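The following paragraphs lead through selected features of the structure shown below. Please keep the sequence and the model in view while reading.

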Amino acid sequence: MSTTHSLSQQEHLFLELLASAIHGDIPDPTPFVGLDDAVWTQIHRLMVAHAVPAFVGDRVLLLPKEALPCRTLRLTIFSEIEMTKRGNRYLTKALEQLSALYQAHDLPFVLLKGLGLSLFYPDPTLRTGGDLDTLFYRSGDYERANALLEAEGYYLHDDSEVRYGHTAFTYGRTVVENHARAVFFDHKKYNQFFDDLVWEAAQSDAFLTITYEGYTFKTLPHELNIVYTFIHMFFHWLHWGVGFRQYCDWIRLMTQLKGQVDTKEIERIAGALDILYPMQLFAQAAEEYLRVAPEVFPFSRLEVHDPYSDQIVRDVLHSGNFGFSHRPERARSRLMTDLRKLLFKARRSYRLHAIAPTHASRIIWGSIIGHLMLRLRKL
């Protein structure tokens with residue numbers, strides 16, 4: 001791993017533990033023997049910042065006694081593992097109840113990312129849970145589902161529907177996000193292209209049925225799911241930054257599906273959406289920093305090392321989950337907060353332009369339009 005020379009000690013060791021979690025192996029204890037408590041604290045902060053405390057923490061607790069962190073940190077990690085497992089049980093139960101509600105009202109849906117991707121992990125209960133994202137593919141069902149959840153007492157989020165196709169609700173501890181479309185590029189033609197692929201999958205009955213915990217739900221076909229999971233990570237990385245939880249989702253999905261997908265179709269879709277080069281960079285970074293085998297990636301790879309793959313890893317490390325580790329701080333006034341966000345995105349657009357020029361050039365305009373639409377909605 002010669003490209004890791006620019007990483008700090010805690011970043012390097014965090015990536016070693018993360019790689020072991022991704023591959024389901026036991027980490028090499030050598031670099032952890034006698035490790036200073038302050039370094040362990042920094043490693044743990046990275047685990048939390050990237051929403052992988054249980055996924056990585058499970059590997060930490062497999063280290064031999066002489067390589068383990070102090071007892072206090074071990075107890076913290078153990079508690080985080082148990083809380084993550086409990087949270088996933090709660091989320092699974094919530095999905096079961098939501099599925100029953102939608103089924104009773106003839107509202108078939110496709111489950112996007114999240115809990116569905118946890119099934120591709122060595123232990124699904126160790127993936128930090130999030131929202132329940134449901135995609136409605138029949139005309140009118142999205143609006144009907146929104147009306148149903150409001151009638152059932154779900155709380156409608158104030159910032160929902162800034163752009164048509166995404167409405168968020170909360171019920172208890174569960175956030176449910178209804179979607180009329182799966183992707184939200186700043187270029188409409190890319191949204192339409194992916195919408196057409198979903199429509200074609202629905203027409204040909206190509207959605208996959210997954211059985212989990214005694215009940216079933218539908219997911220995207222594998223090829224679409226691999227591209228969609230990357231799009232979700234790419235979108236957040238482009239606008240705010242993204243953490244390793246989403247990165248791991250993408251890697252684990254492809255690892256489990258190795259040799260089972262149409263590689264030409266994946267490359268065709270990625271090329272049409274102008275995201276193939278970013279996909280190749282994220283793949284190269286995963287190979288060099290996380291020990292992922294080249295054959296895991298079902299698309300063409302870069303032939304030589306590209307320095308932008310190093311930039312991506314450093315950016316992900318510093319971003320944390322959904323970019324929260326480096327987002328601009330809130331100001332006292334809403335106007336100043338919005339200005340800080342716009343300046344942040346302007347700098348990000350400039351920095352990422354060489355990697356994704358088509359998409360990076362729209363970051364700032366998409367942000368301005370989104371803020372204006374949100375403000376107009378509240379008038």
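Which residues in helix 2 meet which residues in helix 4? The model is a predicted one, and in it Trp40, Thr41, His44, Met47 and Val48 of helix 2 meet Leu73, Thr76, Ile77 and Glu80 of helix 4. By class, the residues of this contact comprise five nonpolar, three polar and one charged. Helix 2 spans residues 37-49 and helix 4 spans residues 71-104; their axes come within 11 Å and cross at roughly 10 degrees. Because angles under 35 degrees count as roughly parallel, helix 2 is roughly parallel to helix 4. The crossing in which helix 2 passes helix 4 is left-handed.

A second helix pair has another geometry to consider. The axes of helix 8 (residues 222-239) and helix 11 also come within 11 Å, and they cross at roughly 90 degrees. Helix 8 and helix 11 are therefore roughly perpendicular to each other. From helix 8, the contact draws on Phe230, Met233, Phe234 and Trp237, and from helix 11 on Pro278, Met279 and Phe282. The contact of helix 8 with helix 11 has seven nonpolar residues, with no polar and no charged ones.

The third pair is formed by helix 12 and helix 13, the latter covering residues 334-352; they pack at an angle of about 160 degrees, and their axes are 13 Å apart. Since angles over 145 degrees count as roughly antiparallel, helix 12 is roughly antiparallel to helix 13. Here too the crossing is described by its hand: helix 12 passes helix 13 in a left-handed crossing. Helix 12 contributes Gln311, Asp315 and Ser319 to the contact, while helix 13 contributes Arg348, Arg351 and Leu352. These residues divide into one nonpolar, two polar and three charged.

Charged side chains also bear on the salt bridges, of which the count comes to 13. One of them pairs Asp25 with Arg291, whose closest N and O atoms are 3.6 Å apart. This pair links distant parts of the chain, its members being 266 residues apart. Asp25 lies in the loop between helix 1 (9-23) and helix 2, whereas Arg291 lies in the loop between helix 11 (276-290) and helix 12 (307-319).

The last feature is a pairing of strands. Strand 6 (residues 208-212) and strand 7 (residues 215-219) run antiparallel and are joined by five bridges. Within this pairing, Ile210 of strand 6 stands opposite Phe217 in strand 7. How many residues lie between strand 6 and strand 7 in the hairpin that they form? There are two residues between the strands, and Glu213 in the turn has a positive phi of about 55 degrees.

Key. Residues numbered from 1 in each chain as written. Predicted model: local features only at pLDDT ≥ 70, side-chain atom pairs only at ≥ 80, totals over all residues. Heavy atoms only, no water. Pairing = 2+ DSSP bridges. Helix = DSSP H or I, 4+ residues; strand = E, 2+ residues; numbered from the N terminus. Axes fitted to C-alpha atoms, helices over the stretch in contact; angles between N-to-C directions. Parallel < 35°, antiparallel > 145°, perpendicular 65-115°, else oblique. Left-handed = near helix turned anticlockwise from the far one by under 90°. Contact = heavy atoms within 4.5 Å. Nonpolar A, V, L, I, M, F, W, Y, C, P; charged D, E, K, R; others polar. Salt bridge = Lys/Arg side-chain N within 4 Å of Asp/Glu carboxyl O.
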